[in-house]
Amino acid sequence: MATRTATAVATTRRAYGLPFVISASSAGTVIEWYDFYLYATLAGFFAPIFFPSGNDTASLLSAFATYAAGFLVRPFGAVFFGALGDIIGRKYTFLVTITVMGLATVLVGVLPTYAQIGYLAPVILVALRLLQGLALGGEYGGAAIYVAEHAPDNKRGLYTAWIQTTATVGFFLALAIILFFRNSMSATDFTTNASIPVLTGIGLTGGWRYPFLISAILVAFALYIRLRLRETPLFARLKDAGHAVTGAGNWASESFGGRKVGVILLVLLGLTAGQGVVWYQGQFQALNFMTLYLKLTFTQAYPIMLWAVALGTPFFLVFGWLSDKIGRKIIILAGCFIAAVTYVPIYNLMHDHAHVITNPAGLITGANPDFLIMTALVWIQVIYVTMVYGPIAAFLVEYFRAKVRYTSLSIPYHFGNGWFGGLLPLLFTGLVGATYPEGSNLYVPFLRNFMALPINSTISLRQFNPSNDPNGNIYIGLAYTIIVALMTVVIGTLFLREPRGAKIWSEVGGEQPGMVTEATPAE
């Protein structure tokens, strides 16, 4: 027995160390986020291609509704893949999720447009976004847990923070690749005319397809790396001891019995909801604000985002490390609070330093932004993102027991980010759209046809545009972000305990020499 154990330990050491665990988990998750955020980055661009309409606001709302659909199904992916991860294992589950995500993304790249196949195009696009959302619902929890269940208890915040960088790095990668192709061809070629060698035989053109097709190569690379991984030592020991859940009934009881649903709800409202809106406001909505409302061109806005994200990303590790010293909860809630009280002045400054150009009717038609100041203002928002997001994986891992950790962690995370965060661009656009003055062809009553539902709303928010600005009230959408962030501060402060110091290895008898941890050399 001792010989077999020693052999297993030696084999594990030769296979990989914790640096490889982090790299393999992070690389795959970066690619999943890249896949998921390609559509988000191009949502405004997709509006006339897949959702043509006589009203630009309505067309944009349809594009953002499809964007949101991928987020709304994330909790369902969290439940389905969470069950697989808790019953079968962490490794095999996130091999499935990255495969599904990659296939859905590549299929978007070969999807005919509305002009080619009519209403079938947006229907298929929505279906592919739903597949992406389901896959992402299982990916994040698996990657975060995989690293956490290899890491020592006293450095969990730092090591899981590497996983937290992946969403922002995936966003950065999506921006950079889209910017490369848009700068490599004319606007017309990017939209419709560019010939793609592998697709010319079936009549599909447009340079926008390239970033989606590249995903095939990236996913193949990620699968190759992840196939080398083994099950986490903590979960393997849990199964060997007979303490893991063994079937759907056992899993459901352990995941949702007693007060467990209440705990999940508290974590959602007191942590991940605020974190979700701050994350999306500081990155996607900051970009949307510059391009849709301040009318910066993509060549003006994308470099601002790229520099802000690049300069802000190291702070995920800083706040992850700091959470090992002073706690997870205080950093996350502080980030929510500071963001909530500073968003309005930041966005007013963004407007002032965009130096917008207006036509005789007062509509914003362009901008001459101050690059350094705009980058600094977006960078501040990215720092808020790193505060709320850097320590959150460690918090969630420590808050839930190992036997149902995949499920219990994933559900509040994906409700917070998928619903509260994912609906942000749609709600922001809808709030602004309801403030356009009388006679504007951009006006759409708030919640009308929300998420393509037959809602004949007549809610006007013109009272929040007392000056009848033809651009509407471009700041009103911040109200949603601020309210949710402050709600999280209050609930989290009053009802959530600080999990730092939790000994997750105690569930399986404590840390043991020979595990794949920071002490294990990567060979």
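Leu-424 is located in helix 20 of this predicted model. With a relative accessible area of 0%, Leu-424 is buried. Beyond the residues up to four places away in sequence, Leu-424 touches Val-277, Tyr-280, Gln-281, Gln-285, Tyr-480 and Thr-481. A separation of 44 Å lies between the C-alpha atoms of Leu-424 and Asp-240, two residues that are 184 residues apart along the chain. The burial of Leu-424 is shared by its helix, for helix 20 is mostly covered, with ten of its ten residues buried. Among these buried residues are Pro-425, Phe-428, Thr-429, Gly-430 and Val-432.

A second buried position is Arg-74, which belongs to helix 4 (residues 74-87). Arg-74 counts as buried because its relative accessibility is 0%, and the cut-off for burial is under 20%. Apart from its neighbours within four places in sequence, Arg-74 is in contact with Trp-33, Phe-36, Gly-133, Leu-136, Gly-137, Tyr-280, Tyr-413, His-414, Asn-417 and Gly-418. Leu-38, in helix 2, is likewise buried, and its relative accessible area is 0%. When residues up to four places away in sequence are not counted, Leu-38 touches Thr-105, Ala-174, Ile-178, Pro-211 and Phe-212. Leu-38 and Asn-471 are 433 residues apart along the chain, and 27 Å separates their C-alpha atoms.

The next feature concerns nonpolar side chains. In soluble globular proteins, nonpolar side chains tend to be buried together. In this model, the largest nonpolar core contains 139 residues, and those with the most contacts inside it are Tyr-37, Tyr-140, Met-290, Met-350 and Tyr-389. Helix 2 (residues 18-50) supplies the largest share of this core, namely 17 residues. The surroundings of Met-350 were examined further: leaving aside neighbours within four places in sequence, Met-350 is in contact with Ala-286, Phe-289, Met-290, Leu-294, Met-374, Leu-377, Val-378 and Gln-381.

Helix packing was then considered. Two packed helices are described by the angle between their axes and the distance between the axes. Helix 7 (residues 120-148) packs with helix 19 (residues 405-421) at an angle of about 125 degrees, and their axes are 9 Å apart. Helix 7 and helix 19 are therefore oblique to each other. The crossing in which helix 7 passes helix 19 is right-handed. On the side of helix 7, the contact is made by Leu-136, Gly-137, Gly-138, Tyr-140, Gly-141, Gly-142 and Ile-145, while helix 19 contributes Arg-405, Tyr-406, Leu-409, Ser-410, Tyr-413 and His-414. By class, the residues of the contact of helix 7 with helix 19 comprise six nonpolar, six polar and one charged.

Helix 7 also packs with helix 5 (residues 90-109): the axes come within 8 Å and cross at roughly 150 degrees. This angle makes helix 5 roughly antiparallel to helix 7, and helix 5 passes helix 7 in a left-handed crossing. Residues of helix 5 in the contact include Phe-94, Ile-98, Met-101, Ala-104 and Val-108, and those of helix 7 include Leu-125, Leu-128, Gln-132, Glu-139 and Tyr-146. The contact of helix 5 with helix 7 has 15 nonpolar, five polar and three charged residues.

In a further pair, the axes of helix 14 and helix 15 (residues 314-326) cross at roughly 30 degrees and come within 5 Å. Helix 14 and helix 15 are therefore roughly parallel to each other. Here Ala-310, Leu-311 and Gly-312 of helix 14 meet Pro-314, Phe-315 and Phe-316 of helix 15. Five nonpolar residues, one polar and no charged make up the contact of helix 14 with helix 15.

Finally, backbone angles were inspected in two loops. Most residues other than glycine have a negative phi, and most peptide bonds are trans. Lys-295, although not a glycine, has a positive phi of about 65 degrees. Lys-295 occupies the loop between helix 13 (260-293) and helix 14 (298-312), and is partly exposed, with a relative accessible area of 34%. Asn-468, also a residue other than glycine, has a positive phi near 55 degrees. The loop that holds Asn-468 runs between helix 20 (424-433) and helix 21 (478-495).

Conventions
Residues numbered from 1 in each chain as written. Predicted model: local features only at pLDDT ≥ 70, side-chain atom pairs only at ≥ 80, totals over all residues. Heavy atoms only, no water. Axes fitted to C-alpha atoms, helices over the stretch in contact; angles between N-to-C directions. Helix = DSSP H or I, 4+ residues; strand = E, 2+ residues; numbered from the N terminus. Parallel < 35°, antiparallel > 145°, perpendicular 65-115°, else oblique. Left-handed = near helix turned anticlockwise from the far one by under 90°. Contact = heavy atoms within 4.5 Å. Nonpolar A, V, L, I, M, F, W, Y, C, P; charged D, E, K, R; others polar. Core = buried A, V, L, I, M, F, W, Y, C linked by side-chain atoms within 4.5 Å. Buried < 20%, exposed > 50% of the residue type's maximum accessible area, 1.4 Å probe, protein only.
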